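Hi,

Here's the structure I said I'd pass on. Have a look at it first, and my notes on the empty space inside come right after.

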2 protein chains.
Amino acid sequence: MPPTGAGQDHVTRTLAHYRTLTIDTLLADVPTGGPRYLYDLVAEYPRRWGKGLRAALCLAACRAFGGTPAVGLNAAVTVELFHNAFLIHDDIQDQSEQRRGARTLHGEYGVGVALNVGNMTNLLALQRLAANRQALGSQVSWRLFEETQLMLRHSVEGQAIEVGWIRDNVCDLDADDYYRMCLKKTSWYTCIYPCRTGILVATGRPDAVDVLDRYGWYLGAAFQIQDDALNLVGDYARYGKEIAGDLWEGKRTLILIDFLRRCTGQERERLVSFLGRTRAERTASEVRWLHRRLLAYDCVESARCSARELAAAARAEGERALGPAADTEDGRFLLDLTDYVVERSR
Amino acid sequence: MPPTGAGQDHVTRTLAHYRTLTIDTLLADVPTGGPRYLYDLVAEYPRRWGKGLRAALCLAACRAFGGTPAVGLNAAVTVELFHNAFLIHDDIQDQSEQRRGARTLHGEYGVGVALNVGNMTNLLALQRLAANRQALGSQVSWRLFEETQLMLRHSVEGQAIEVGWIRDNVCDLDADDYYRMCLKKTSWYTCIYPCRTGILVATGRPDAVDVLDRYGWYLGAAFQIQDDALNLVGDYARYGKEIAGDLWEGKRTLILIDFLRRCTGQERERLVSFLGRTRAERTASEVRWLHRRLLAYDCVESARCSARELAAAARAEGERALGPAADTEDGRFLLDLTDYVVERSR
């Protein structure tokens, strides 16, 4: 394992390279013209800075399994488009205010416009998927379509779990509940799907697509926990979302679940009542109180500990799955990503 | 042409028959289990009474072009699923309160849940589409997928036109603007797509799919205008949506566009100012005033006149396109639908 500094440089360089390749292709393919408030706004989130993690996973998995970036590019653009559609809809669902350092799309243009732009972004993803047929043939393209349906099913079910917990004010959750939700809501579309499609387009072999599943599952969980932590202790200028937004939204993070387990009966009562209100009914002083309690109980540090363990498990699974390819440029990138996702500040 | 009464009985019977066939299959295929607030709610709108127009168009077109209902059923379920997803999202976008005689999904369960249920409904539609591959083969299934992308593009663009008009408070519109919006927003997914996919699965011939396009285009416009009229003069118990809801929502209907052309300068000023406010800022007395003016200027009757002309044009185009099949049971149904869409009270 290289020293963290060198590994991270290599990771950020590779991320930037694959991100540029993917986002440039994505943006070049967004139709011009058409009605107002549509295609120009499809390009809005992709134009803001993003890590490009999903595209990079797809392209690196593709190369590590013998493919070229050209072969993987359609799949990488597809996953980035689905990701951006997911962000637009997720921001509406969570009533989020900030995304990638600026106002959310629905905050700027209203829910009606934003929901529609999310739908168009999903449609452009499907069109990109269909564009594979020429290059990859009917058989592999159908399998890609099936992989996409599977990923979308997991994502929408994961989203349902999360909005259901908030709606029913579910407070009796443990870490396993969180991980199950996280597998569906985050790991599938952020890590597992990009790896599976990258492998599929590289090898053309449907039987090989699942070899990085465990790697992706652990990587996605580690990524999500770090995201939850940055939401509480991050620097807005780098993180790009409102700090403590998850508390305003009543998100059931591992951090919050851990606090519910550790806190006093009185604190629990106060928190349950806070979570029982709507976002609009919550006050800044309650959010400040909760924020301080989470830090005082070391819940952020404890969750980050779990994230580091997951990252180590992801590395071990990745090494096993990659075999000799672990020593290639893209293999090393995939392995070093496990450190990146838990050390990143944005 | 049979007398209207007999024609309408035949039409409502056939609609009911195809609706039952399609909705039963649709509901049987909605997964059970899974997280709360997801699959049970996917079934919510389909379980409420609907006309089943889109499924019937698909199955009738399929039979009129030599197919069996069994061959067309997947396509009919697909179009009904897309329709229900569209309704869920459209109700969020328009902040509608009532749908099919009960509260809208987002009114009952919140925007977060409803948006997600709409996404799952779209996904189930895609899965139904993919299920055609076994029966129809790869070539025709790909073409169905392409037809679906085309339909979704038109629908989302049509939706963007409408929300854009409301957002920018566009008041200088003429009938042609309305018809262009209506072609994309209504005709494509309500009539043209069901006919095209019905023909495609029946014939397996991609070159024949467009023969009912003009029929579907006119039928959809006539259908939409009658829908706009029922919104103002319908009976809530039959129509199932809040009466004058379109006025609350600031919808640019043919009726409103006609009024803007006919009214006095003072009335126009008052209307433009009314339309410039958000839904929440509009008052019941303003809505009542507008409602009365639209009726006083005969704008509803005038629009229904246009709808009847469109219905007649749809019939003529249908006869031309169907040829000898115009004399089959399903051919007659397709032709008599042209009367139904403008005479219906729900």
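Below is what turned up in the search for pockets and cavities.

Bear in mind that this is a predicted model.

Let's start with the open space. The largest pocket comes out at about 1300 Å³. Its lining runs to 45 residues, and the ones nearest the centre are I92(A), V111(A), I92(B), Q95(B) and V111(B). By class, that lining splits into 18 nonpolar, 15 polar and 12 charged residues.

Now the closed spaces: there are two cavities of 30 Å³ or more.

The largest cavity has a volume of about 600 Å³. It is lined by 32 residues, with H89(A), N119(A), N122(A), N119(B) and N122(B) nearest its centre. Both chains contribute here: helix 5 (69-94), helix 7 (111-130) and helix 8 (132-167) of chain A each give at least two lining residues, and so do helix 5 (69-94), helix 7 (111-130) and helix 8 (132-167) of chain B. If you're thinking about charges, note that the lining of the largest cavity has none: the count is 18 nonpolar, 14 polar and no charged residues.

The second largest cavity holds about 40 Å³. Its lining consists of D228(B), L232(B), D246(B), L247(B), K251(B), T253(B), I255(B), L256(B) and L294(B). Helix 10 (213-233), helix 12 (245-249) and helix 13 (254-262) of chain B each supply at least two of those residues. Charged residues do appear in this lining, three of them, alongside five nonpolar and one polar.

Cheers

Terms used:
Residues numbered from 1 in each chain as written. Chains lettered and ligands numbered in written order. Predicted model: local features only at pLDDT ≥ 70, side-chain atom pairs only at ≥ 80, totals over all residues. Heavy atoms only, no water. 1 Å grid on protein atoms, 1.4 Å probe; cavity = no way out; pocket = protein on both sides within 12 Å on 5 of 7 lines; lining within 4 Å. Points joined across faces, edges and corners; volume = space filled by probe spheres on them. Nonpolar A, V, L, I, M, F, W, Y, C, P; charged D, E, K, R; others polar. Helix = DSSP H or I, 4+ residues; strand = E, 2+ residues; numbered from the N terminus.
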